[in-house]
Amino acid sequence: MSDNFPFDKFIKSNNNKDLENNMSQFFSGSLEVSSENIINTNVDKKENNNDNDELYTITNEILSIIKTNVPQEKFSTYFMSTFTVSSFDENTINFSVTTKFIKMMIENHYLGFINQAVIELMGKAFNINIEVFNKNNNLEKESTNTVQNPSISNELETEVSKPIVSVKDMSFKIDPNFTQSNDDLQNTINSSEIKHLKSNVFGRIDKSKTFDNFIVGPSNNMAHAFSLAVSKDPGITYPQLYLYGNSGLGKTHLLHAICNYINDKDPTKRICFTSAGDFTKEMVMSIQSKTISEFQRKYTDLVDVLIIDDIHELKDRARTQAEFFHIFNELQNKKKQLIFTSDKAPKEISGIEDRIRTRLSSALLTDIQQPDLETRIAILKNKANEKDIYIGDDVINLIASCVRNNVRELEGKLIKLGAYSDLMNVDIDLEIAKEQLNLTEDHQDKILTIDSIAKTVSSYYKLPLGDIRGKNRKAELVLARHIAMYLIHKLLKKTLEEIGDYFNKRDHSTVIHAIDKMKKRIKEEGSFSQLIYEIESNI
């Protein structure tokens, strides 16, 4: 037997016929190959073998746990030979699956089972990340990578692919004279703030949001105290907690803090953190795939702490409300913890059934108000320290004095200044802050009204306010009208009828159409999202 595998005959040959002949000799057994040699273009294969063995073992253990909780036919379809652990670190486990469909089904119906299996095996909760399988990262035990002597095994799987270009053979050249234009730099600075304002995490727990870095003040001290009490004794002290207040005041931070506290104290607790919108989507998917019983079991049997953000989004969804009613009752009877957030109290939410309103109202209701000046200053100083952004007290006082209604916006201003400092390599002084944030020391909060918001949109587009409110159907007027309707709905929480009356007695269905259309564009178009932010900043 040859001591070395003839790589030159298999890989370096430029003659297809030679390659075919050599492969033919190999498969016929006339070409001798040591069973210990390996075909693999990755020179680090031996170093990775131990890692692959570990991932292979973890995969098998997790699958064995999942198998005991999932129906056999579902396990065979979505997990057997399709589901592997690809990597993990101290906070996250990454799984690979073979198709986008399997990824969708697992994420919609089986994440609870996976979380439970991971906690049981690893002793704590991890963030779960699922990606579609990449053939170049196959984790199966050496069956696809090891070439064995035909006399030892008659089964061999191999793949002949296009030559792989080594990283060391590639080169990149950067033009030393390349510089970003001022407009590009400014767009980068603005985008850092917009990204922060749009950030919203559901399902995955943000490890950076804890009770320790939540700034407590008169506006939120009760919400903080009740949230901490719930974290210490889930399902006991306050079995149902309902936090409400305007967007950007810290409700979501408290939810993540609750999750982190419970995970640290008792990793075996099964936490489901979702939004009302995602809850609805998951239910619809389960109906379409005829797996509604599994959806119900996930929420009634496999959850110890259920957290639903923006519960008001259940309005006008009769089927979803019916499922939620059933789940609420089941978890309440089992003494599980229920936590909800909204921008308003249950009695103020339109479009929900009385039985839902009654159950939400039975929870411990706690509102979060706008932070006072001292709290805003403390928040800014804490965030500046966390993100290693140096700004003086005069700049912090300016931002805190001018931005009064929204903690997320407060932090966004800080992040924008940090981005400016990094890109321009300058220290932030008062004049730079005023210029970049468009703030003045004598800035006063405006009293917002339907008329003032509509006038701001009118001024931005340089269109007559009367035409925006009127019946003209020109494209630029329709867009401005829809944006005004959206912002009035978002900032003032006016009813559809009130908004319709202002715009020339339009029907409420017209207003709904306008608002939904704007929400869709904001979600799908980054440039449009930035435009809305610019208009809102001028209000």
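This report describes a three-stranded sheet with its neighbouring helices, and a pair of packed helices.

The model is predicted: local features need pLDDT of at least 70 and side-chain atom pairs count only at pLDDT 80 or more, while totals for chains, interfaces and linings use all residues. Residues are numbered from 1 along each chain as its sequence is written, and side-chain values use heavy atoms, without hydrogens and water.

**The sheet**

Helices (H or I, at least four residues) and strands (E, at least two) are DSSP runs numbered from the N terminus. An open sheet of 3 strands has the order S1-S2-S3, with mixed pairing; two strands pair if DSSP finds at least two bridges between them. S1 (84-88) and S3 (127-132) are the edge strands, each pairing on one side only. From one strand to the next, the twist averages 30 degrees. S2 (residues 92-97) is joined to S3 in the parallel sense over 6 bridges, and Asn-94 stands opposite Asn-129 in S3.

Two helices accompany the sheet; contact means heavy atoms within 4.5 Å, and angles run from 0 to 180 degrees between N-to-C directions, with axes fitted to C-alpha atoms (for helices, over the stretch in contact).

| Helix | Strands | Angle with S3 |
|---|---|---|
| H5 (residues 100-109) | touches S2 and S3 | about 160 degrees |
| H6 (residues 111-122) | lies across S1, S2 and S3 | about 120 degrees |

**The helix pair**

The axes of H18 (residues 450-461) and H20 (residues 475-492) come within 9 Å and cross at roughly 145 degrees. Their contact includes Ile-450 and Tyr-461 of H18 and Leu-479 and Leu-492 of H20. Its residues comprise 13 nonpolar (Ala, Val, Leu, Ile, Met, Phe, Trp, Tyr, Cys and Pro count as such), with no polar and no charged ones.
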